[in-house]
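Visitor: Could you take me through one part of this model up close? I'd like to see where the two chains meet, and then whatever else is worth a stop on the way.

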Amino acid sequence: MSERCAVIGIGQTKHSESRKDVSLAGLLREAAFRALADAGLESFQDIDAVVIGTAPDMFEGVMMPELFLADALGAVGKPIMRVHTAGSVGGSTAIVASSLIQTGIHERVLTLAFEKQSESNAMWALSPAIPFQPQLVAGAGGYFAPLIRAYIRRHDAHPDTGCVVAVKDREHGLLNPYAHLHLKQTLEEVKAAPVLWDPIRYSETCPSSDGAVAMVLASEKAAQGIKNPAWVRGTSVRTESTFRAHRDQINPQAGKDCAKHVYAQAGITNPYEEIDVAEIYVPFSWFEPMWLENLGFAEEGQGWRLTMDGKTRLGAEMPINPSGGVMCTNPIGASGMLRFAEAALQVRGMAGAHQVDGAKTALGHAYGGGSQFFAMWVVSSEKP
Amino acid sequence: MRDIAIVSSAQLPSVREMGPSDESELVQPVVTKALEAAGLTMDDIGFVCSGSSDYLVGRPFSFVAAIDGLKCWPPIQESHVEMDGAWALYEAWVRLLHGDIDTALVFAFGKGSLGPIPDVMNIQNDPFYVQPLGLDSISSAALQAQALIAAKKATERDFAEVAVRSRRNAMSNPNAQIKGEFDPKAIMKNEPYIASPLRKSYCPPLSDGAVAVVLAAGDKARSLVKRPAFIRGIDHRIEPASLGARDLTVSVSTKLAAEKVGVSTGKVDVAELHAPFAHQEIILREALGLGDDVVVNPSGGAISANPIMAAGLIRFAEAAQRIHDGSASRAVAHATSGACLQHNMVAVLEGE
């Protein structure tokens, strides 16, 4: 890795249940133009290549959408790639884009991730009859609920933990003008919601969102003159087998290895002390304590205590998801890149009402599939 | 830039219908064979990248099942593109340029037997203005072929000759699906048009297949095999999706990518071109500036075996094979994506 990579432009759409006012291309352009403007660029002209990421094509009904979108994204005459690594795709996509800068191939790369969930029904798109396999018909919640039950049982976690995360993330979301859900909820209200998949209540799940996010990544040369770029200090991806018999899906090895790899690049030995803010992929609220442990912010079995002690709130010691996170906004394919982009916004000091004071180093985290795919980056206000 | 080479590859023989084999069963045999050919195991591999499409299987996350065809424990560094495997090779090439790892495994798979492929490909089109027209992949290719005839750049006889030559070449390729001696005149006389001016013989077969390629950097590559195929340049470019916005008789994106990688800076011995339809070889030859002295598609090309999502990466495997066996010193590999050659990748491979 020879060249430094900086995030010089960040843009996202207003996320909502259904962006009927824009087409798929229009949704992406909304995020892209905001990112270009943030980077001080007037048009796509100064972009060398485009890297897009999204979850399954079936969510929008366009196969290999980079073909349809090439024109709308100013990619004509340029290289364009489309990454797909399940829920971690937003993170993986940003990492491919950063590689194109770090290896000196391009000076400025536009990377985008998106989902327009209102075009289909993701819950059922996730539960099809797969050729030559038995049909699960569970959706994501049905898949993850047993893992959450196992986490609670294994570590005797406080049963309110998931509800506390939901209240906290929704409070954070109120500070983020782009968030889909703007909900003021009390703990009692969250606890009173119906259970969808024991122990996951309706109030403890993410919404289905339409939304897109874009970043302009640049070489050190191209980042000159940019106010407060976020420097990429480390990137990593890890995958483990889906059906390996001894997989620990509650604290996956792939997540631990990915974190270790990205911390080593960023020179981080104690993430709780050295990372100022983390944006992590929490589609069901109980995943906050699970990932706190997997990412090394807490000892195994102690993640839920950090949450219950209020340490993960904005203004506390280890703020997690000050943007409101996936619990407030879930355009699936974009959710991972939103974590990466929000981490970059924090170290740039541009997160507005949900800014963590003095944030210098931030973690962006994404996971996907049945917790077998991970993508992470560490960004910093300081050059590597 | 770091020298990166293709050191080995393996393919499943393409067939019309493989039967009830799932993604991991397609992937496992080619991955195992390609690694063996390089004298490596999964534990030696630094990065894995694959290419495939959910829409061929008719399910989301088709690639997730594929990774269980390889050993992912301890966890691996892995990525996937919902594109032809050639773009997975590109991502792996970029990853190797970082310099912290020396080897990568790339694979791609596609089963054309699971659905009506020409109709499925319509889902690539603009969802508002084109998809409702039902423009299938054969019809759009026919528009391109007709444009070529109208511009007097080719005749139907030229299409027939490309097909006949390709399928003659395929006779020496154990992985090819359509092979044999055919007569251009007989094709033109006996075969009805599917979509004028295309007859069946000018179109690719429907195929099930898979391919794996192993990449290695610098001296690692030299230590693994006798004659690595070094990637001297690789680039890809896209054009607008709208057929009306392009001159379909030329491939400006191929030409641009070829300029970026310096195809014309040396003698090209052999070229593996991803031309699923016969007429597309004619367009690509011109865009790449290939003369009559260049051996084109000795494998028989995609018109002889076309597992979608793998057929582009197969071109890289086939071009590298000519370097490995010493029959070529400098080869061009090309891959395409989208209707009427919308997105094109060009690479120059060389032996030492």
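Guide: Here is a walk that starts where the chains meet and then moves on to a pocket and a few local details. Keep in mind that this is a predicted model.

Let's begin at the meeting place of chain A and chain B. On one side, 54 residues of chain A take part, and they are in contact with 61 residues of chain B. Together the two chains bury about 5,100 Å² between them. Carbon and sulfur atoms account for 68% of that buried area. Which parts of chain A supply the side that touches chain B? At least two residues each come from α2 (66–69), β3 (80–83), α3 (89–102), β8 (230–239) and α8 (253–266) of chain A. Sort the residues on that side of chain A by class and you get 29 nonpolar, 16 polar and nine charged ones.

What about links across the interface? The count of residue pairs in polar contact between chain A and chain B is 12, with both partners at pLDDT 80 or more. For salt bridges across that interface, the rule finds zero. Over all chains, though, the structure holds 40 salt bridges. One salt bridge to look at is inside chain A, where D38(A) pairs with R348(A) and the closest N and O atoms are 2.9 Å apart. This pair links distant parts of the chain: D38(A) sits in helix α1 (residues 24–38) and R348(A) in helix α13 (residues 332–348), 310 residues apart.

Now for some empty space. Rolling a probe the size of a water molecule over the atoms is how you find where such space is left. The second largest pocket has a volume of about 810 Å³. Its lining is made of 43 residues, and nearest the centre of the pocket lie S137(B), P204(B), P276(B), F277(B) and N306(B). From chain B, α5 (117–120), α6 (137–150) and β11 (330–337) each give the lining at least two residues. The largest share, four residues, comes from α6(B). By class, the lining of this pocket has 22 nonpolar, 15 polar and six charged residues.

Last stop: the backbone. Most peptide bonds are trans, and most residues other than glycine have a negative phi. With that in mind, look at D198(A) and P199(A), which are joined by a cis peptide bond with omega about 5°. You'll find P199(A) in the loop between β5 (195–197) and β6 (200–201) of chain A. Chain B has a cis peptide bond as well, joining W73(B) and P74(B), with omega about -5°. There, P74(B) lies in the loop between α3 (62–66) and β3 (78–81) of chain B. Finally, N228(A) isn't a glycine, yet its phi is positive, near 50°. Look for N228(A) in the loop between β7 (210–219) and β8 of chain A.

Terms used. Residues numbered from 1 in each chain as written. Chains lettered and ligands numbered in written order. Predicted model: local features only at pLDDT ≥ 70, side-chain atom pairs only at ≥ 80, totals over all residues. Heavy atoms only, no water. Contact = heavy atoms within 4.5 Å. Buried area = accessible area lost by both parts, 1.4 Å probe. Salt bridge = Lys/Arg side-chain N within 4 Å of Asp/Glu carboxyl O. Polar contact = N/O pair within 3.5 Å; in protein donor to acceptor, adjacent residues only side chain to side chain. Nonpolar A, V, L, I, M, F, W, Y, C, P; charged D, E, K, R; others polar. 1 Å grid on protein atoms, 1.4 Å probe; cavity = no way out; pocket = protein on both sides within 12 Å on 5 of 7 lines; lining within 4 Å. Points joined across faces, edges and corners; volume = space filled by probe spheres on them.
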